[in-house]
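Reader: I am new to reading protein models. Can you take me through one, feature by feature?

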Amino acid sequence: MTSSETVKFIVAMIIMMNPLGSLSIFLDLTTKSTFIAQRKMAITTGITILIIMLSAIWTGKDLLNLLGITIPSFRVAGGLILLLMGLSMLQSKESPVSHTAEDDAAARERHSVAIVPMALPVIIGPGAISTLIIAAGDYPQLVSKIWISLLCLLLTLGMGFMLYFAVPIARLVGVSIIKVITRIMGMIIMAIAVGMLANGLMGLFPALS
């Protein structure tokens with residue numbers, strides 16, 4: 001991956017992980033937990049996020065091949081998912097493809113929300129998984145996959161840090177700023193989605209290129 005492609009990948013993943021939005025959901029789901037329990041959940045969520053991302057990078061393409069799904073068709077599907085996510089973020093709504101009211105209701109009945117719904121699908125949803133599988137397909141070399149894995153490790157550390165210090169960060173940032181940043185991220189993710197859709201369609205229909 002070139003430096004520009006690396007930056008594009010990191011930006012796309014950060015937007016799809018939606019740190020501030022995920023932070024808000026995490027606080028809501030752990031509102032009745034003790035301070036220590038909340039931080040333990042943050043650590044568990046971080047570990048789960050990393051496992052999911054590494055699984056998508058190293059086994060995602062093989063799974064697609066097994067199912068007979070091509071990268072261009074998966075790119076189109078991923079682009080549509082990102083487009084829906086970006087539209088929801090632009091309207092300051094929770095994306096229906098990453099988080100639902102049923103997730104909240106079920107989560108409050110369980111002792112821990114760290115894995116489901118927090119890690120999956122709130123932070124690592126269909127859009128993030130699609131991006132990881134496509135990136136691994138575009139750069140199948142061992143060195144490239146290791147590099148992408150290291151980038152995911154850095155992203156996980158950043159997300160884990162935010163969740164670990166969720167309360168002070170939320171107080172510092174404020175709800176209004178979170179909403180503004182979420183809308184800006186929505187615009188960016190929609191632009192990325194259009195590019196992904198265009199590349200996917202050109203892959204499916206070479207005449208378009």
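Author: We start with a term. A helix here is a DSSP run of H or I with at least four residues, and helices are numbered from the N terminus. Take Met-89: this residue lies in helix α4. Keep in mind that the model is predicted.

Reader: How many helices and strands does the chain have?

Author: The count is 10 helices and 0 strands. Along the sequence the pattern reads α-α-α-α-α-α-α-α-α-α.

Reader: What share of the chain is buried?

Author: Of the 209 residues in the chain, 44% are buried. Buried means under 20% relative accessible area, and exposed means over 50%. Try the rule on Met-89. Its relative accessible area is 5%, so Met-89 is buried.

Reader: What lies across from Met-89 in space, far along the chain?

Author: Gly-186 does. The two residues are 97 apart along the chain, yet their C-alpha atoms are separated by 4.7 Å. Now look at Ile-71, also placed in helix α4. Ile-71 has a relative accessible area of 15%, so it is buried. Its C-alpha is 9.3 Å from that of Leu-204, and 133 residues of sequence lie between the two positions.

Reader: How do I describe two packed helices?

Author: Use two values: the angle between their axes and the distance between the axes. Start with helix α4 (residues 71-90) and helix α10 (residues 175-204). They pack at an angle of about 160°, and their axes are 7 Å apart.

Reader: Why are α4 and α10 called roughly antiparallel?

Author: Angles over 145 degrees count as roughly antiparallel. The angle of about 160° therefore makes α4 roughly antiparallel to α10. The crossing also has a hand: for α4 and α10 it is left-handed.

Reader: Which angle do α3 and α8 make?

Author: Helix α3 (residues 35-67) and α8 cross at roughly 160°, and their axes come within 9 Å. So α3 and α8 are roughly antiparallel to each other. Their crossing is right-handed.

Reader: Where can I see α3 and α8 through single residues?

Author: Try Leu-150, which is placed in helix α8. Leu-150 and Leu-54 are 9.6 Å apart in space, C-alpha to C-alpha, and 96 residues apart in sequence.

Reader: How do the axes of α2 and α8 cross?

Author: Helix α2 (residues 19-29) crosses α8 at roughly 40°, with the axes coming within 10 Å. Check the cut-offs. Under 35 degrees is roughly parallel, and 65 to 115 is roughly perpendicular. The angle fits neither range, so α2 and α8 are oblique to each other. This crossing is right-handed.

Reader: Now charges. What can side chains of opposite charge do?

Author: They can pair when their charged atoms come close. This structure holds 1 salt bridge. Asp-138 forms it with Arg-75, and the closest N and O atoms are 2.9 Å apart. The pair links distant parts of the chain: Asp-138 sits in helix α7 (residues 126-138), Arg-75 in helix α4, and they are 63 residues apart.

Reader: Is each partner buried, exposed or partly exposed?

Author: Take them in turn. Asp-138 is partly exposed, with a relative accessible area of 36%. Arg-75 is buried, at 14%.

Reader: What about the surface? Which residues make the nonpolar patch?

Author: The patch is made by Trp-58, Leu-142, Ile-146, Trp-147, Leu-150, Leu-153, Leu-154 and Leu-157. Its area is about 770 Å². Helix α8 (residues 142-164) gives the largest share, 7 residues.

Reader: How exposed are Leu-142 and Leu-150?

Author: Leu-142 is found in helix α8. Its relative accessible area is 55%, so Leu-142 is exposed. Leu-150 has 42%, so Leu-150 is partly exposed.

Reader: One last feature. What sign does phi have in most residues other than glycine?

Author: Phi is negative in most of them. Asn-18 has a phi near 45°, a positive value in a residue other than glycine. Asn-18 is placed in the loop between α1 (3-17) and α2.

Reader: And is Asn-18 buried or exposed?

Author: Asn-18 is buried, with a relative accessible area of 11%.

Methods:
Residues numbered from 1 in each chain as written. Predicted model: local features only at pLDDT ≥ 70, side-chain atom pairs only at ≥ 80, totals over all residues. Heavy atoms only, no water. Patch = residues over 30% accessible without salt bridge, like charges linked within 9 Å, V, L, I, M, F, W, Y side chains within 5 Å. Areas by Shrake-Rupley, 256 points an atom, 1.4 Å probe, with all protein chains shown as cover. Salt bridge = Lys/Arg side-chain N within 4 Å of Asp/Glu carboxyl O. Helix = DSSP H or I, 4+ residues; strand = E, 2+ residues; numbered from the N terminus. Buried < 20%, exposed > 50% of the residue type's maximum accessible area, 1.4 Å probe, protein only. Axes fitted to C-alpha atoms, helices over the stretch in contact; angles between N-to-C directions. Left-handed = near helix turned anticlockwise from the far one by under 90°.
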